[in-house]
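Biologist: I have a structure open and I'd like to learn how to read it piece by piece. Can you walk me through it?

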Amino acid sequence: MKKNSRKKIAVLIIMAFMLAIVAGCGGEAKDTGDKAGDKAEMINVGINVELSGGVASYGTNAKDGALLAIEQINASGGVLGMQLNPVVKDCKSTADEAMSISAALVGENIVAQIGPLTSGDVAGSTPIMMDNKIPLIAPAATASNVTVDDKTGKTNEYIFRVCFIDPFQGTLMAQFAADNLKAKNAVIYADTSTDYGKGLAEYFKKTFGEKGGTIVGEEGYVKDDRDFRATLTKIKGMNPDFIYVPGYYQEVAPLIKQARELGITVPIGGGDGWDSPDMVSVAGNEALNNTYFTNHYSSQDTDPNIVKFVEAYKAKYNKEPDAFAALGYDAIQLMVQGLKDAQAADPVKLAAALAKIKDFEGITGKMSIDEKHNPVKAGVIIEFKDGAQVMNTRIQP
Amino acid sequence: MQIKSKFIRFCIDVLVLTALFILVQYFITTGLLDQYYQINLASMCINIILAVSLNLINGFTGQLSLGHAGFMAVGAYASVVMTQMLGQPFIVGLIVACLAAALGGFIIGVPTLRLRGDYLAIATLALGEIIRVTLQNIDYVNGPAGILGITKMTTWPWLFGATVFTVLVVVNLINSSYGRAIISVREDEVASELMGINTTKYKVMAFVIGAMLAGLAGAMYAHFFYIIKPDTFNFMKSFDILVMVVLGGLGSTTGAIIAALFITALTAVLQSFPAIRMILYALILIIVMIYRPQGLMGNKELSRQIFGRIWGGRK
């Protein structure tokens with residue numbers, strides 16, 4: 001009998017638990033409905049980013065940048081006479097959770113969604129945004145098929161981004177090598193195990209050729225390679241005046257170190273995969289001199305708008321804003337520009353206005369949205385000088 | 001008398017399930033269940049399939065497998081290749097997913113099930129990773145970037161059908177003579193071998209069926225969530241499923257179902273607390289495990305008898 005009653009209690013507790021959750025689910029949705037009704041003059045902005053999981057640091061910084069932008073806009077009187085109300089949710093760095101969060105945000109009457117950061121998570125969100133005709137502005141999703149449907153080749157009407165797509169960095173570096181470094185003969189030594197490395201190499205080759213340069217050699221390495229001496233010796237024999245190494249810092253850092261040890265002194269260039277403190281600790285200050293990489297933005301830029309942004313960000317969060325913070329900030333600013341152009345807090349009109357934005361001045365450069373919803377924008381070239389990242393120049397394509 | 005009451009019970013089961021199906025379908029068509037609830041409903045069904053199938057391996061057979069997400073990946077990719085690249089109907093995708101995952105389970109199961117306990121756990125964990133890394137290096141399925149823009153084919157009837165199918169397969173298997181052999185392997189491998197049971201055969205059988213159902217869940221997942229990439233099916237996913245099984249109680253199918261529902265609902269409810277979400281999630285798991293170390297259900301099943309015992313007071 002005693003055993004029975006204990007069991008009874010256990011089952012009751014479990015059932016109560018389940019009921020509480022179900023009730024919690026329902027109640028929550030009702031609350032938000034009321035909230036939206038009460039604050040009619042608020043514009044809800046969904047922020048669906050990775051606050052936990054694999055890329056939590058990207059999401060957190062982008063969210064901080066976005067919230068700073070919203071704070072500044074609200075302080076200066078809001079948009080269309082209304083205040084922006086951020087609704088922040090965490091997608092755990094998974095595509096299925098991003099989809100679920102997007103659906104939850106749609107229930108909160110958002111005018112647009114900022115995020116997620118990675119291309120895969122944006123893809124999870126995409127069908128929901130398309131179904132509900134609400135624009136999604138991706139701060140840092142760089143895969144080309146995020147804004148364009150692969151199968152039909154059509155642009156996804158409600159998906160936008162504020163970052164340049166990966167391969168574009170190859171174009172930027174080729175321009176820099178040909179125009180600023182006056183390079184004539186370049187060698188490409190790319191990470192052939194990633195789309196990133198292959199894409200950058202392809203665009204570099206194309207633009208460098210158009211600029212009158214010659215690619216004298218193409219070599220490849222794969223992820224987790226540690227010894228590059230054999231290939232580097234071969235490259236040395238080709239006598240290039242520029243070496244392009246699109247890849248990630250894990251391999252690039254030892255690669256540069258070994259190249260300098262072999263007496264290769266020519267400039268070496270790469271993409272934003274180089275952006276890590278590990279570059280300096282592994283390769284060393286000396287070896288990194290005369291190396292350059294492309295990035296979305298530099299916090300050392302002396303442009304007055306950027307200086308203002310960096311100061312405000314540091315004052316609020318007490319840390320240096322990285323590229324993700326700047327892109328999150330720009331995503332909100334771009335949306336505000338769209339709202340002003342549309343003259344209405346309406347998602348469909350906002351999407352139409354966003355597609356037409358020209359010469360928008362963002363922290364990460366002046367951008368115009370092209371027919372594939374990619375921004376045509378400037379990038380910066382960052383140079384390593386005695387172990388410090390120094391901004392070299394800003395390049396407008 | 002016994003046969004008659006069995007038949008009546010069967011009828012009641014069918015009626016209850018049909019009513020549940022029609023009710024939810026009605027809610028979906030009338031728009032009472034909006035997109036958000038539909039996504040969580042799909043997650044619940046997929047998680048039930050995963051938890052129940054892993055419970056067959058971990059709970060009933062007593063073999064600690066940490067590679068369940070790997071079989072899910074095999075199913076997901078096999079079905080997507082069928083439906084998206086070769087243009088076959090969804091049902092063909094599902095069948096191929098099940099077969100591919102079962103084959104994968106067989107190939108992996110035969111050598112690894114000779115191992116026991118911790119060794120098997122490490123071997124299955126590693127094999128799950130091998131599946132993931134292999135997929136990352138196959139250009140046909142876009143490597144690490146994954147396949148994007150999968151047509152949504154997983155609808156409520158499919159989800160419901162797959163979930164009921166999974167539970168039926170596992171429950172009927174466990175209640176058969178094969179099931180008793182499987183449980184005897186868990187209870188004492190040496191003793192059951194002495195009784196003339198071919199332990200390897202039964203272990204492999206449970207493993208293959210569990211893998212097949214995980215493949216089914218993977219196919220459902222792929223055709224609901226628009227994108228699949230190898231990283232989705234990393235070992236964290238395997239642990240998520242394991243958490244459901246342990247939380248529900250090893251060796252309890254109803255426990256696995258309840259835990260799958262509980263975890264999915266918990267994840268959804270905690271969405272409103274983005275900053276401390278994972279802390280709360282972990283905290284709740286710890287509290288449950290402190291007060292119910294054997295899991296929510298232990299190795300008991302929630303059945304009509306228990307309902308009767310509690311509410312009717314009859315034995």
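Modeller: Sure. Let's start with a definition: helix axes are lines fitted to C-alpha atoms over the stretch in contact, and angles run from 0 to 180 degrees between N-to-C directions. Keep in mind that this is a predicted model. Now the case: helix H4 (residues 119-132) of chain A lies across strand S1 (42-49), S3, S4 and S5 of chain A, and runs at about 165° to S4(A).

Biologist: Which strands does helix H12 of chain A lie across?

Modeller: Helix H12 (residues 323-342) of chain A lies across S3 and S4 of chain A, at about 155° to S3(A).

Biologist: Then how do I read the sheet itself? What is the strand order, and is the pairing parallel or antiparallel?

Modeller: The general idea first: strands of a sheet pair through backbone hydrogen bonds, either parallel or antiparallel. Here five strands of chain A make an open sheet, ordered S2-S1-S3-S4-S5, and the pairing is parallel. Strand S2 (83-90) and strand S5 (159-161) of chain A are the edge strands, each pairing on one side only. From one strand to the next, the twist averages 25°.

Biologist: How many bridges join S3 and S4 of chain A?

Modeller: Two bridges, in the parallel sense, between strand S3 (residues 110-114) and strand S4 (residues 136-138) of chain A. If you want a spot to click on, Ile114(A) stands opposite Ile137(A) in S4(A).

Biologist: What about the sheet with S11, S12 and S13 of chain A: what is its order?

Modeller: That one is an open sheet of three strands, in the order S11-S12-S13 (chain A), with antiparallel pairing. Strand S11 (360-362) and strand S13 (375-377) of chain A are at the edges with a single partner strand each, so one side of each has no neighbour in the sheet. The twist averages 35° from one strand to the next. Strand S12 (residues 365-369) of chain A pairs with S13(A) over three bridges, and Ile369(A) has Pro375(A) in S13(A) as its bridge partner.

Biologist: And how do I read a hairpin? How many residues lie between S14(A) and S15(A)?

Modeller: Look at the turn and then at the ladder. There are two residues between S14(A) and S15(A), and Asp386(A) in the turn has a positive phi of about 50°. S14(A) pairs with strand S15 (residues 388-395) of chain A in the antiparallel sense over seven bridges, and Ile381(A) stands opposite Thr393(A) in S15(A).

Biologist: Just before that hairpin I see Ala378(A). Where is Ala378(A) found?

Modeller: In the loop between S13 and strand S14 (379-385) of chain A. The burial cut-off helps here: buried takes 20 or more other C-beta atoms within 10 Å. Ala378(A) has 19, so Ala378(A) is partly exposed. The C-alpha atoms of Ala378(A) and Gln396(A) are 4.3 Å apart, though their positions lie 18 residues apart along the chain. Setting aside neighbours within four places in sequence, the contacts of Ala378(A) include Gly365(A), Lys366(A) and Arg394(A).

Biologist: How can I check a helix? What span should H8 of chain A have?

Modeller: Compare the expected length with the model. Helix H8 (residues 249-261) of chain A has 13 residues, so at 1.5 Å a residue the span should be 18 Å, and the end C-alpha atoms are indeed 18 Å apart. Buried residues of H8(A) include Tyr249(A), Leu255(A) and Arg260(A). After H8(A) comes Gly263(A), with a positive phi near 85°.

Biologist: And in chain B, what do the buried residues of H10(B) pack against?

Modeller: Against H2, helix H3 (68-85), helix H5 (117-136), H11 and H12 of chain B. Among those buried residues are Lys237(B), Ile241(B) and Leu247(B). Helix H10 (residues 235-248) of chain B reaches 20 Å from its first C-alpha to its last, close to the 20 Å expected. Gly249(B) follows H10(B), with a positive phi near 115°.

Biologist: Last one: how many residues of chain B are in contact with chain A?

Modeller: 30 residues of chain B, in contact with 38 residues of chain A. Elements giving two or more residues to that side of chain B include helix H2 (35-60) and helix H11 (253-269) of chain B. By class, the side of chain B that touches chain A has 17 nonpolar, eight polar and five charged residues.

Definitions and conventions. Residues are numbered from 1 along each chain as its sequence is written. Chains are lettered from A and ligands numbered from 1 in the order in which they are written. This is a predicted model: local features need pLDDT of at least 70, side-chain atom pairs count only at pLDDT 80 or more; totals for chains, interfaces and linings use all residues. Two residues are in contact if their C-beta atoms, placed from the backbone, lie within 7 Å. Helices (H or I, at least four residues) and strands (E, at least two) are DSSP runs, numbered from the N terminus. Ala, Val, Leu, Ile, Met, Phe, Trp, Tyr, Cys and Pro count as nonpolar, Asp, Glu, Lys and Arg as charged, and the others, Gly among them, as polar. Two strands pair if DSSP finds at least two bridges between them. The expected span of a helix is 1.5 Å times one less than its number of residues. A residue is buried if 20 or more other C-beta atoms lie within 10 Å of its own, exposed if 12 or fewer, and partly exposed in between; C-beta atoms are placed from the backbone.
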